[in-house]
Amino acid sequence: MNDINKAIELLLSKLEGWGEHLILMLPNIVVAVILLIITFIVARFIRNGLDKVIGRISHSAALNNLISTILYLALLAVGFFFVLSVLQLDRVVISLLAGVGIIGLALGFAFQDIAANFISGIIIAVQKPFGVGDMIETNDYFGVIERVSLRTLDIRKPSGELVKLPNKMVFENPVTNYSSSGIRRLDLDVGVSYGEDLEKVQQIVIEALQDVKNRVKTRDVEVMFDAFNDSSIDFKARFWISYSRQIDFVSAKSDAIIKIKKAFDANDIMIPFPIRTLDFGIKGGEKLNEHLEDLQAQMKNGRKMSDN
């Protein structure tokens, strides 16, 4: 019974001490609550103002949101530490700071790839080497950019698949932006027979490609012969087109092939089929007709001997 009474007395004395301390701390608690409310109001006001200012400088929504969020959280953290100081919890502040440092170091090692993608995303957002809607090729992927976030780059391939590339891969590897200039050169490989007049062929192709779809009229059509092939003399027909989507390139190439074929047909210009020479001799040099004549003669001799 005495032990129970002592325990109750000890509990009451503790509660009385806490109550007295709470009464003494009431002004500090009131100040801390007011300071916390002011911190939230000021942080929100500064964040809204910063969103308007950054929006005029940077057009990257992801980067703007990142900067304003970091500043907002930093202001809340400062206000929170002041509140703890008012409540005379300085040791808690020191412990929290030490804990944050240790946790940050551990997370840095654990999520270094995520951090690398995040930092790469920030650099890409600042430099802006490409934007949504651009046609690019990187890391063996070709397509239209649908979304640029701080972690991944979303590319829609011409065949419809969506590829999410980590920003680190995009940042560390070459990127070809086909949409940056708004124009693109199309090189078309063609071959004609050895018996054709090459200067005539050149002039016919240049005239045929004048009205190709999406062709840039300020750039001349170029026809350059570049190789003696097995059965043809090859040339490249080069011209520039307006380019914003891959369909512009594909349709222009198709139209150019149709126009060249029609022009060749109208002028009796032949695009030769591949020619192959069959060699039936062990040492080479025997012609097919001679070989067939020998076989025919052998067959006739065989029939005569069988008749006899």
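This is a chat about the sheet and one buried residue of the structure above.

Trainee: Before we start, what kind of model is this?
Mentor: It is a predicted model, where local features need pLDDT of at least 70, side-chain atom pairs count only at pLDDT 80 or more, and totals for chains, interfaces and linings use all residues. Residues are numbered from 1 along each chain as its sequence is written, and side-chain values use heavy atoms, with hydrogens and water left out.

Trainee: Great. What order do the strands take in the sheet?
Mentor: The open sheet has 5 strands in the order β4-β3-β2-β1-β5, with antiparallel pairing. Strands here are DSSP E runs of at least two residues, helices are H or I runs of at least four, and both are numbered from the N terminus. Two strands pair if DSSP finds at least two bridges between them.

Trainee: And which ones are the edge strands?
Mentor: β4 (162-166) and β5 (175-177), each pairing on one side only.

Trainee: How many residues sit between β1 and β2?
Mentor: That hairpin has 2 residues between its strands, and Asn-139 in the turn has a positive phi of about 55 degrees. Ile-136 has Gly-143 of β2 as its bridge partner.

Trainee: What about β2 and β3?
Mentor: They are joined by a hairpin through 3 residues, and Val-148 is opposite Leu-153 in β3.

Trainee: New topic: is Asn-167 buried or exposed?
Mentor: Asn-167 counts as buried because its relative accessibility is 2%. Buried means under 20% relative accessible area, exposed over 50%, and partly exposed in between (1.4 Å probe, protein chains only).

Trainee: Which residues does Asn-167 touch?
Mentor: Leaving out residues up to four places away in sequence, its contacts include Asn-117, Ser-149 and Leu-153; contact means heavy atoms within 4.5 Å.
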